[in-house]
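Work through the exercises below with the sequence and the model side by side. Try each task before you read its solution.

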Amino acid sequence: MFRKLLIGLTVIAFAGAGAAVAQQSGIKRTPLQKVDFPAGYNTVTAIAEVPAGGASGRHSHPGAETGYVLEGELELVIDGQPPLKVKAGDSYQIPEGAVHDAKASGDKPLKVLGVYVVKAGEPLAKPAP
């Protein structure tokens with residue numbers, strides 16, 4: 001019973017954080033699992049789908065993000081770095097606190113598997129100006 005409640009709260013929290021940075025662009029986020037590990041952190045795994053030409057909007061995370069592009073091509077824009085093109089089958093990393101935007105490149109939608117290791121008790125994502 002407690003596990004079901006925890007999973008339900010995780011889904012709600014992840015959906016709320018996703019809505020905060022989605023900028024009304026039709027992005028779909030599907031949380032897959034959350035693990036309270038390592039100590040003081042939560043590891044969250046999710047799939048994000050961005051329509052062709054869409055973007056996540058500038059945001060940051062209170063921890064590291066790693067990801068794997070399942071479909072399409074990602075243009076990853078991290079403040080202070082040149083844009084990075086990441087195609088299906090490639091992975092990427094975003095350092096803790098780095099302001100970034102993820103854009104679907106080309107005319108195809110983007111689908112990524114993301115893993116977030118974030119400080120416990122903080123929102124998964126924070127919008128950036």
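**Exercise 1. Place Leu84: which strand holds Leu84, and which residues is Leu84 in contact with, leaving aside neighbours within four places in sequence?**

Step 1. Leu84 belongs to strand E6. Strands (E, at least two residues) and helices (H or I, at least four) are DSSP runs, numbered from the N terminus.

Step 2. Know your source. This is a predicted model, in which local features need pLDDT of at least 70, side-chain atom pairs count only at pLDDT 80 or more, and totals for chains, interfaces and linings use all residues. Residues are numbered from 1 along each chain as its sequence is written, and side-chain values use heavy atoms, with hydrogens and water left out.

Step 3. List the contacts (heavy atoms within 4.5 Å). With neighbours within four places set aside, Leu84 is in contact with Leu74, Glu75 and Leu76.

Step 4. Compare sequence and space. Leu84 and Leu74 sit 10 residues apart in sequence, and their C-alpha atoms are 7.9 Å apart.

Step 5. Check the cover. Leu84 has a relative accessible area of 43%, so Leu84 is partly exposed. The cut-offs are under 20% for buried and over 50% for exposed, with partly exposed in between (1.4 Å probe, protein chains only).

**Exercise 2. Describe the protein as a whole: how many helices and strands does the protein have?**

Step 1. Count the elements. There are 1 helix and 10 strands.

Step 2. Read their order. From the N terminus the run is α-β-β-β-β-β-β-β-β-β-β.

Step 3. Add the cover. Of the 129 residues, 36% are buried.

Step 4. Look at contacts between residues at least 6 apart in sequence. Of these, 68% join residues at least 24 apart.

**Exercise 3. Find the largest nonpolar core: which of its residues touch the most other members?**

Step 1. Fix the term. A nonpolar core is a set of buried Ala, Val, Leu, Ile, Met, Phe, Trp, Tyr and Cys residues joined through side-chain atoms within 4.5 Å.

Step 2. Name the residues. The largest core has 15 residues, and Val69, Leu74, Leu76, Tyr92, Ile94, Leu110 and Val112 touch the most other members.

Step 3. Trace them to elements. Strands E2 (41-50), E5 (73-78), E7 (91-94), E8 (100-105) and E9 (110-119) each give two or more residues to this core. E5 supplies the largest share, 3 residues.

Step 4. Zoom in on Val112. Beyond four places in sequence, Val112 is in contact with Ala46, Ile47, Ala48, Tyr68, Val69, Leu70 and Tyr92.

Step 5. Look for a second core. Another core, of 5 residues, lies apart and includes Val44, Ala46, Tyr116 and Leu124.

Step 6. Recall the general trend. In soluble globular proteins, nonpolar side chains tend to be buried together.

**Exercise 4. Track the charged pairs: how many salt bridges are there?**

Step 1. Apply the rule (a side-chain nitrogen of Lys or Arg within 4 Å of a carboxyl oxygen of Asp or Glu). The count is 6.

Step 2. Take Arg58 and Asp79. Their side chains form a salt bridge, 2.7 Å from N to O. Arg58 is in the loop between E2 and strand E3 (59-60), and Asp79 is in the loop between E5 and strand E6 (84-87), so the pair ties together parts 21 residues apart in sequence.

Step 3. Take Lys34 and Asp36. Their closest N and O atoms are 3.7 Å apart. Lys34 is partly exposed at 33% relative accessibility, while Asp36 is exposed at 52%.

Step 4. Take Asp90 and Lys87. This salt bridge has its closest N and O atoms 3.1 Å apart. Asp90 is partly exposed at 28%, and Lys87 is partly exposed at 47%.
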